[in-house]
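Biologist: I should like to learn how to read a model that holds two copies of a chain. May we go through it feature by feature?

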Protein chains: 2
Amino acid sequence: MTEFLTLLPPLKARAKLFEQLTFLPASEEIETTRGLNRVLVDPILAAHPLPSFPRSTVDGYALRAADTYGSSESIPAYLTIAGEVRMGTAPNFSLSAAHCALIYTGGMLPAGADAVMMMEHTQAVRDGEVEVLRSVAIGENVLQSGEDVSEGQQVFSAGTRLRPAEIGGLMALGVTRIRVARKPLVGIISSGDEVVPPESDLNPGQVRDINSYTLSALVEQTGGQPVRYGIVPDEIEIFRNAANRALTECDLIIITAGSSASTRDLTARVIDELGEPGVLVHGVNLRPGKPTILAACATQARVKAVIGLPGNPVSALVVARIFVVPVLERLLGLENLKPEPQVQARLSINLASQAGREDWVPVRILPSPTGFQADPVFGKSNLIFTLARADGFVRIPPDATGLSAGEQVEVLLL
Amino acid sequence: MTEFLTLLPPLKARAKLFEQLTFLPASEEIETTRGLNRVLVDPILAAHPLPSFPRSTVDGYALRAADTYGSSESIPAYLTIAGEVRMGTAPNFSLSAAHCALIYTGGMLPAGADAVMMMEHTQAVRDGEVEVLRSVAIGENVLQSGEDVSEGQQVFSAGTRLRPAEIGGLMALGVTRIRVARKPLVGIISSGDEVVPPESDLNPGQVRDINSYTLSALVEQTGGQPVRYGIVPDEIEIFRNAANRALTECDLIIITAGSSASTRDLTARVIDELGEPGVLVHGVNLRPGKPTILAACATQARVKAVIGLPGNPVSALVVARIFVVPVLERLLGLENLKPEPQVQARLSINLASQAGREDWVPVRILPSPTGFQADPVFGKSNLIFTLARADGFVRIPPDATGLSAGEQVEVLLL
C-alpha cells in the first residue's frame, strides 16, 4: 500500500527528470542524400519559388483563354500554332492573339499564354492550325510559379526528422547539403558478476550480456549512437570509473543493473555520486520496470541524464522506451513529435492490473476474421524470448484496473 | 467507363507481376551487433537451453521445499546456512536436509535445492542459522533450465527481420555472427528532358530530380541498397543502355518517367524490350498512380521486376509503396509480414472516390479533443511539398465510393 503512495507513475517520473536536464544539440553538416531519419537543426527557407515557372499540368495547347470563350464542338475557335514548347527549355517565342503552342505536361508556358487546352478537346485541321472545341478559364491546367512554395517561405522548421518526402523537398530546392543534429552518444554500461560477453562460452552460473545489445539497437533505431562500455564487475571503484568516463564522453548514460539486490544498490549508489543533483527517482509504479533509477548529473558541459535500468531484458527495453527514447528525442532537438505508430487489435483475454500502476504486456498480433487479435505472451520472469515472440506491447494505463477480452487496444510495435 | 473495365486494381496488378518473378535471395555473413533490420536467411536453433542452469528469481534462501512444509510464523522451521551462492559461479557445495544457502536473484541453485524462500519470509536467528516463516512448493521462485528455450529448439525462422529483441535473443544464445539476406540492389533511373540533377541551378523550364532521391530513401528504409543511374534524356539508345545496365547489375529496377506523354511512351517501349515477358500491366486503377507500368524481364540470372513509375513525385512514392516495397520484401525473403504500422484518426471532411478505383489521400494528423484527426492535404497536381506537409495516407479501397467526415480511418505513416 505504502509503495503505491510513494512510487511515481511513469509520466510524472519522466517530468521530474526532464525539468533537471539541459539540452544543447550539437550539429554536423552532411549530404542530403545521407539524410534519412536525421533531424534538421536549422529551418529551411526556399531560395526560389516552386514551381519556378508556370507549368502545364496536361498535354495540349498553351493559349490565351480569351481566344476560347464561346467556342464549342459546333462553333470551334481556330488558332494558329506558333510553335512547340520543348521540355526543359524556355519557349523562344511568345503568343499573340489567336495563336497557341503545342505543350506537354510539365512544359513551360510561353509568354502571352494564360491557360492550356487539353489535347482531347482540340482537333487538327490543317498544318499549323487547330480547332478548339470548348472554352477554358484563365489559369486552367496551369500550375503557377510559386504555387507549391513561394520564394523565402520556410518549408521545414528546425527539429524536422527527414523522411523520403522531406529529402525530395530539399532536392527540389537544390539543398544538397544540410546541417543536422549530431547523433547523441549514448553510453551503455552493463553490470553484474554473473554477466559475461556474448561471445563467451557459459560456465554454470553465468549468463550472456543481452541488455547492452538490445539497448544499442534501440538507440540506433531512435537516431542515437550507442557507445558500449562493457560489463563492470560489482566493485565500486571499477564501476565508478566506467560511469565517470561514460558521463564525460556521452550525452546520455544507461546503466543496467545486475539482477541481485546488492548490485542494484551498488548501481544506485554509483549513479547518485556521479554529479548533482543525482538520483531523482528510485522506483517507478510500472510493471515491468519498478526498480528504475532516474538521475540528473551535472558535468562541466551540462546536466546529463543517467538512467538505471532493471537487469531483466524485458523490463530494460520497456523502461528504455519510456525514459531513454524521449531523452534521446530531446537531445536530437525533435519538434512536433507525432503519435507512435501502432496497430489496433482486439484483446484475446482479460488482463488484470493494479490501479495506479502502468503495465506493459507483451503481445503477439494474429489475424482474425474481425481484424487483428492481440494475444498476450506470458513468460515467467519476462525472459528475452518472451519479447522475441511478441510483436509489441499493450499498455494498461495507471487509471485502469485491467482490460477486458474483446476490448479494442492499441499495440505499440516492438 | 471502358477505362475502369480495363484498368486493374492495385492488388490484382501486383499479383500479375508476382506470378512472373523468381526470387533467389543472396546472403552474407555479418556481426550480430550490426544486424538491426536485417533479415535472417537461416533458421536459428538454440545450441543450449536457456536459462542454462536453474536460477533463483528472488533474493532469499535456496532450500529443499520439504524442509519448509508446515512451517509458519508461529511454528518456524530452523535451517542451517550451508553457504552463499556467489553470482556467476556454480556453488561449490550441495544442500543436505535442513540446510539452506543464501542466494540472489539470478543465482544458480546448489545441487540438492529445489526451491527458494524469499528473504522477507525468513528471519536471522543466530550465526549460521535462519528461521523460515512459511512453506514453499517445489520449484517456487526458481526458473528451471530450459524454461525459456530448450536445447535444439528453433528460436527464429528464416525470413525473420531483426528488431532489438531478436538481437538480444541471439546474444543470449552466443550467436555473434549471422547469415542475413544481402541488401537487394535497386536500380533507379530518372527520365525527362526537363529533369536536372539537384545540385544544378535551374534554367527556365527545368526542374530538379526529386524521384531518384525519395525512392532511394524509401529503398533504404525498406532494407534495400539504392543504385542511382542518373537522369536519362528522351533518346531511345541512351535510355535503353542505362536500363540494360541496371537490369544486369540490380535485383529490381525502377524507372520514373518524365511528365510528358512522349517520355511516358518511350519509357513503356524501353521497358517492354528489356526482356521477356516484358510489360504485364500498363495503367492501374489507382489515384495517384494511374500510369504505372509493371514488367517482368528475364535475364540470364532470373526474371526481375521492372517498375515504371509516374514522374509526379507524390504518385511515384504511392506507387513505390504499393509495388516496389513488396518486391523488395520478397527479395529479402521476409516471412510473416506483420500489419503496417498506422495511426487511427477521424477524418475531418468527406472524401469522394470513384467506385473501382483505389485512392491514396495525403493527410496531416492533428490532435483533437476526441483523439487524432486526419486532415487531407490537398495540393494541385500533388507537388512534393504536399507530401512533406503530410504525415501519411488515408487509403480509400476500390469497393468504396468515398469516406465520410467523422469516420474512423487508418493512416499509413509516410
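Biologist: Through which surface do the copies meet, as judged from the interface residues of chain B and chain A?

Modeller: Please bear in mind that this is a predicted model. The copies meet through the same surface, because 100% of the interface residues of chain B are also interface residues in chain A.

Biologist: How are the two copies related in space?

Modeller: Two copies of a chain are related by a rotation about an axis and a shift along it. Here, a turn of 180° and a shift of 0.1 Å along the axis lay chain B on chain A with an RMSD of 0.1 Å. The copies are thus related as by a two-fold rotation axis.

Biologist: How many residues of chain B are in contact with chain A?

Modeller: The contact involves 75 residues of chain B and 76 residues of chain A. On the side of chain B that touches chain A, two or more residues come from each of α3 (164-172), α4, α6 (261-272), α7, β22 (342-347) and α8 (384-388) of chain B. The largest share, eight residues, is that of α3(B). By character, this side of chain B divides into 36 nonpolar, 25 polar and 14 charged residues.

Biologist: Let us turn to α4(B). Is this helix mostly covered or mostly uncovered?

Modeller: One counts its buried residues, a residue being buried if 20 or more other C-beta atoms lie within 10 Å of its own. In α4(B), 10 of the 12 residues are buried, so by this definition the helix is mostly covered. Among the buried residues are Y213(B), L215(B), L218(B) and V219(B).

Biologist: Against what do the buried residues of α4(B) pack?

Modeller: They pack against α3 (164-172) of chain A, and also against β13 (185-191), β16 (225-232), β17 (252-256) and α7 (313-331) of chain B. The helix itself, residues 211-222, reaches 16 Å from its first C-alpha to its last, close to the 16 Å expected. G223(B), which follows α4(B), has a positive phi, near 110°.

Biologist: Several of those partners are strands. In what order do the strands of the open sheet lie?

Modeller: The order of the six strands is β16-β13-β17-β21-β20-β18 (chain B), with mixed pairing. The edge strands, β16 and β18 (277-282) of chain B, each pair on one side only. From one strand to the next, the twist averages 20°.

Biologist: In which sense do β17(B) and β21(B) pair?

Modeller: They pair in the parallel sense over five bridges, and I255(B) stands opposite G308(B) in β21(B). Packed on the sheet is α7(B), which touches β13, β17, β20 (293-298) and β21 of chain B. The direction of α7(B) makes about 170° with that of β21(B).

Notes:
Residues are numbered from 1 along each chain as its sequence is written. Chains are lettered from A and ligands numbered from 1 in the order in which they are written. This is a predicted model: local features need pLDDT of at least 70, side-chain atom pairs count only at pLDDT 80 or more; totals for chains, interfaces and linings use all residues. Helices (H or I, at least four residues) and strands (E, at least two) are DSSP runs, numbered from the N terminus. The expected span of a helix is 1.5 Å times one less than its number of residues. Two residues are in contact if their C-beta atoms, placed from the backbone, lie within 7 Å. Copies are superposed by least squares on the C-alpha atoms of residues with pLDDT of at least 70 in both. Ala, Val, Leu, Ile, Met, Phe, Trp, Tyr, Cys and Pro count as nonpolar, Asp, Glu, Lys and Arg as charged, and the others, Gly among them, as polar. Two strands pair if DSSP finds at least two bridges between them. Axes are lines fitted to C-alpha atoms, for helices over the stretch in contact, and angles run from 0 to 180 degrees between N-to-C directions.
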